[in-house]
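User: I'm new to reading protein models and would like to go through one with you. Could we take it feature by feature?

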Amino acid sequence: MLLACWLLLAVLYALPRAEATPVNAVKNPGFELGTLYWTFSEGASLDEGFAHSGNCSATIAYSDYIEQVFVPPINSSQVVSFTFWITRGEGTGGSAPLYISWTFDRRGSDGGINAGTDVDQDNVPVGEWVKIDITEVFLEKAEGRGLVSFSFFRASDNWLQWWIDDVSLLVEAPSQSSQDYGGSLPSNVYFRLSNVDLGAVSPGSTVSFNIPLEASSIAVVSTVRFEGEGFEWFTVKDVLPKAYPSKANIPATLTVPKNAGARAYNVKVSVAAVVGGYTVSSMATVSFSVGMGGSAYDAVHGFLEAVKVAFQRLLGNPLMLWLLILLVLILSYYSLRRR
Ligand SMILES: [Ca+2]
């Protein structure tokens with residue numbers, strides 16, 4: 001019996017325990033979305049032709065910096081690792097290190113706590129990407145505080161250019177699994193679209209319109225997909241992926257073919273985006289009706305509508321109704337007398 005218990009315990013320990021995969025807390029970590037989510041000082045710039053991975057990296061020289069701010073601060077006790085890739089150009093002699101600094105919140109009292117470390121140029125070969133791991137020094141100085149921001153900067157007088165790419169601050173996913181994309185988003189993260197009604201559209205015509213979006217912060221839209229009958233008549237004007245402000249319009253066009261069937265259409269549009277580091281999506285309907293074409297149809301349709309409304313008003317008035325009945329009786333009487 002005792003042996004069986006020990007065996008059971010051994011098996012339970014051997015089973016893989018469910019562990020959340022750490023996620024990168026750095027937004028746009030490889031600069032592939034340009035400067036989005038980063039603050040670049042005036043001299044700092046994006047290098048679109050040189051990178052550790054992808055196409056882009058950030059580059060800084062004398063007195064430049066790039067910075068990323070976290071709102072809300074990141075719980076540093078959940079940080080698993082802090083790494084990045086760097087390389088450098090030829091120097092002009094002397095020391096010109098790359099500094100990495102960060103700010104912690106102070107929990108109640110004013111002002112944050114600044115800490116940092118640096119990388120000496122002698123440890124980085126010219127033009128060769130090197131992975132730097134500052135996890136240990138970061139955690140040593142963090143003491144469980146909230147990380148508010150971090151930056152890379154050059155402070156030395158000596159001219160030397162540095163490149164930075166693939167910044168990784170891996171953080172254990174919170175137990176409530178707020179990183180579970182598409183599932184439970186934090187209550188302050190949202191992304192929604194509004195329905196669009198384009199009314200009557202003539203065959204053979206092109207209509208420009210907007211798909212309104214609302215998000216809790218900047219929304220980087222990656223895809224806009226139309227579904228349902230007539231989906232192939234739509235095009236999006238912007239080149240994707242594109243960053244939109246929290247209240248924006250996605251411009252699109254609808255081109256209805258000449259032979260399109262005359263009826264009402266409801267085309268679904270689904271938009272995928274990244275908002276505040278979360279992958280989100282939303283859906284809306286674009287409605288329109290294809291008429292029989294030309295303004296003649298619209299004119300006749302409009303006239304019939306007007307007649308219908310006039311009749312409804314007439315019948316809605318009791319006095320008018322009695323006058324109408326009286327008129328019918330008089331006409332009937334006269335027509336009978338003529339026989
Ligand atoms: Ca990159």
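User: Let's start with strands. In what sense do strand 4 and strand 11 pair, and over how many bridges?

Analyst: Keep in mind that this is a predicted model. To read a pairing, look at the direction of the two strands and then at the bridges. Here strand 4 and strand 11 pair in the antiparallel sense over 3 bridges. One place to look is Ala58, whose bridge partner in strand 11 is Ile164.

User: Which other strands does strand 11 pair with?

Analyst: Strand 6 is one of them: 8 bridges join strand 6 to strand 11, and the two run antiparallel. In that pairing, Thr87 has Trp163 of strand 11 as its bridge partner. Strand 1 also pairs with strand 11, again in the antiparallel sense, over 2 bridges. There, Asn24 stands opposite Leu170.

User: Is strand 11 enclosed or in the open?

Analyst: For that, you count neighbours: a residue is buried if 20 or more other C-beta atoms lie within 10 Å of its own. In strand 11, 8 of the 10 residues are buried, so this strand is largely enclosed by the rest of the structure.

User: When I look at a strand, which way do the side chains point?

Analyst: In a regular strand, they alternate between the two faces of the sheet.

User: Which residues have the most contacts inside the largest nonpolar core?

Analyst: Ile66, Trp162, Ile164 and Leu169 do, in a core of 32 residues. Several elements each supply at least two residues, among them strand 4, strand 5, helix 2 and strand 10. Strand 11 gives the most, with 6 residues. Take Ile164 as an example: leaving aside neighbours within four places in sequence, Ile164 is in contact with Ser57, Ala58, Ile66, Phe84, Ile86 and Phe152. There is also a second, separate core of 23 residues, which includes Phe191, Val267, Ala273 and Phe288.

User: Back to strand 6. Which residue of strand 9 is the bridge partner of Thr83?

Analyst: That's Asp133. Strand 6 and strand 9 run antiparallel and are joined by 4 bridges.

User: What comes after strand 6, where Gly89 sits?

Analyst: A loop, the one between strand 6 and strand 7. With a loop residue, check what it touches and how many neighbours it has. Gly89 is in contact with Val126, Leu160 and Gln161, leaving aside its neighbours within four places in sequence. Gly89 and Leu160 are 71 residues apart in sequence, yet 6.3 Å apart in space, C-alpha to C-alpha.

User: Why does Gly89 count as partly exposed?

Analyst: Because it has 14 C-beta neighbours inside 10 Å.

User: How do I read the order of strands in a sheet, say the one with order 12-14-18-16?

Analyst: Read the numbers as you walk across the sheet. This one is an open sheet of 4 strands with antiparallel pairing. Its edge strands are strand 12 and strand 16, each of which pairs on one side only. On average, neighbouring strands of this sheet are turned by 30° against each other, direction ignored. At the strand 16 side, strand 16 and strand 18 pair over 3 bridges, and Thr235 has Thr253 in strand 18 as its bridge partner.

User: What about backbone angles? Which peptide bond is cis?

Analyst: Check omega: the bond from Leu240 to Pro241 is cis, with omega near 0°. Pro241 is in the loop between strand 16 and strand 17. Phi is worth a look too. Phe31 has a phi near 65°, a positive value in a residue other than glycine, and Ser63 has one near 60°.

User: Is Phe31 buried or exposed?

Analyst: Phe31 is buried, with 28 other C-beta atoms within 10 Å. Ser63, in the loop between strand 4 and strand 5, counts as partly exposed with 14 such neighbours.

User: How long is helix 4?

Analyst: Helix 4 has 20 residues and reaches 29 Å from its first C-alpha to its last, close to the 28 Å expected. The number buried is 0, so helix 4 lies largely in the open.

User: Last one: which elements have the lowest and highest mean pLDDT?

Analyst: Helix 1 has the lowest, 56, and strand 9 the highest, 97. For the chain the mean is 83, while over residues 175-183 the pLDDT is below 50.

Technical notes:
Residues are numbered from 1 along each chain as its sequence is written. This is a predicted model: local features need pLDDT of at least 70, side-chain atom pairs count only at pLDDT 80 or more; totals for chains, interfaces and linings use all residues. A residue is buried if 20 or more other C-beta atoms lie within 10 Å of its own, exposed if 12 or fewer, and partly exposed in between; C-beta atoms are placed from the backbone. Two residues are in contact if their C-beta atoms, placed from the backbone, lie within 7 Å. Two strands pair if DSSP finds at least two bridges between them. Axes are lines fitted to C-alpha atoms, for helices over the stretch in contact, and angles run from 0 to 180 degrees between N-to-C directions. A nonpolar core is a set of buried Ala, Val, Leu, Ile, Met, Phe, Trp, Tyr and Cys residues joined through C-beta atoms within 7 Å. The expected span of a helix is 1.5 Å times one less than its number of residues. pLDDT is the predictor's confidence in each residue, from 0 to 100.
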